[in-house]
Amino acid sequence: MSSQPRVLTVGTGAIGAIYSWRLSKSCNVTTVCRSNYDVVKENGFDMNSAKFGEEKFIPDKVVSTVTECANSEPYDYILITLKALPEIYNCADIIAPAVSKDTTIVLIQNGLGVEEPITDRFPNNPIVSIVAYIGTSQNEPGKVTMVGRESLVIGKYHGAKTNSDEQRQKFADLLIKGDVDVQFVDDVERVRWQKLFWNAAFSPVCAMTGMNTTEVLENEDAMKAVKEVMHDVIDAANANGYKFDHKEQMDNMIARTEATARNYKPSMQLDKERGSPMEVEVILGTPLKRAKAKGLKVPFLDFIHSVCSATNALTLKQSQL
């Protein structure tokens, strides 16, 4: 039996690799790798981080599917860093073979409502929901680059069906042992909405126009679209119980983009350029559904969701040819 906490990372792309690496300082880490499996199994990850330095990260075990872990010693934590694509797969189905009664399920994913499939399927398992602020990429299999700093925001998910306070603190302590910047909040959904103000506005406009953030900032028509979508998403958040100030939030998001995210391509744009499905539902679809459930009209969010959904449908169709 391992004396260290056992972690299974499902979806070991760039973000999964970074946080598996940091957790490996105090944990036994198994990584589920798909497109990068052969390289990582043979050579591990080459990590290059402005904050954490350069290092060869060799996970304790590398597998290509969760099913391979079904009969292993139980995992204390399953860390999900898969792209959130509920229109294509259910993350709960993917992790199910490795979930035991004592497993804490940790999510580091974009968007809104990513917890719901997990709490529906595993109501008795503790859930830790985390919002990541990080710039990292895996431009070739097994080679991960991280620019600048990083920060993880950990908060209570009020839709959880079991108390996770103790597990949330224990997992945060493991991250802190790996020098990760951890911030605590009372309501993680509030942070998810706030991140959406940027992500639901800039990401689809960049993806659909092909412009990076600087080009969008400098284009009057593109910024008109950004502001109209952002206004709708803030409306949706406020209809769901929050009290965000439209002008304050919009000014902050735009100023922060001008200061720290110039010439940047959001992940949604990179996915479109690669011919991969974009995270449309969790970034645009869920806030749209929650707005409509409150009887709120959000025409610009509705429109950009339709355009991005149609683009995703074409991408999926072409990938099957």
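**Hairpin, ring pairs and charges over rings**

Q: What links β8 and β9, and which turn residue has a positive phi?
A: The two strands form a hairpin with 2 residues between them. G142 in the turn has a positive phi of about 85 degrees. Strands here are DSSP runs of E, at least two residues, and helices are runs of H or I, at least four, both numbered from the N terminus.

The model is predicted, so local features need pLDDT of at least 70 and side-chain atom pairs 80 or more, while totals for chains, interfaces and linings use all residues. Residues are numbered from 1 along each chain as its sequence is written, and side-chain values use heavy atoms, without hydrogens or water.

Q: How do you know that β8 and β9 pair, and in which sense?
A: Pairing needs at least two bridges found by DSSP. Strand β8 and strand β9 (residues 143-155) have 11, in the antiparallel sense. One of the partners is M146 in β9, which bridges to T136.

Q: In which sense do β7 and β8 pair, and over how many bridges?
A: Strand β7 (residues 104-108) and strand β8 (residues 127-140) pair in the parallel sense, over 4 bridges. V106 stands opposite V128 in β8.

Q: How many aromatic pairs does a search of the whole structure find?
A: The search finds 7. Rings of Phe, Tyr and Trp (its six-membered ring) pair if their centres lie within 6.5 Å; planes under 30 degrees apart are stacked, over 60 edge-to-face, the rest tilted.

Q: Why is the pair of W21 and F52 called what it is?
A: The centres are 5.8 Å apart and the planes stand at 80 degrees, so the pair is edge-to-face. W21 lies in helix α1 (residues 14-23) and F52 in the loop between β3 (45-49) and β4 (53-57), 31 residues apart.

Q: Are W21 and F52 buried or exposed?
A: Buried means under 20% relative accessible area, exposed over 50%, partly exposed in between (1.4 Å probe, protein chains only). W21 has 0%, so W21 is buried. F52 has 14%, so F52 is buried too.

Q: What makes the pair of Y77 and F171 stacked, tilted or edge-to-face?
A: The centres are 5.0 Å apart and the planes at 50 degrees, so the pair is tilted. Y77 is in strand β6 (residues 77-80) and F171 in helix α5 (residues 165-177), so parts 94 residues apart in sequence are tied together. Both residues are buried.

Q: Which residues do ring pairs link into a cluster?
A: F197, Y242 and F244 are linked this way.

Q: Where does the charged end of R6 sit?
A: It sits over the ring of Y75, 4.5 Å from the centre. The term requires CZ of Arg or NZ of Lys within 6 Å of the ring centre and within 35 degrees of the ring normal. R22 lies over the face of F52, at 4.1 Å from the ring centre.
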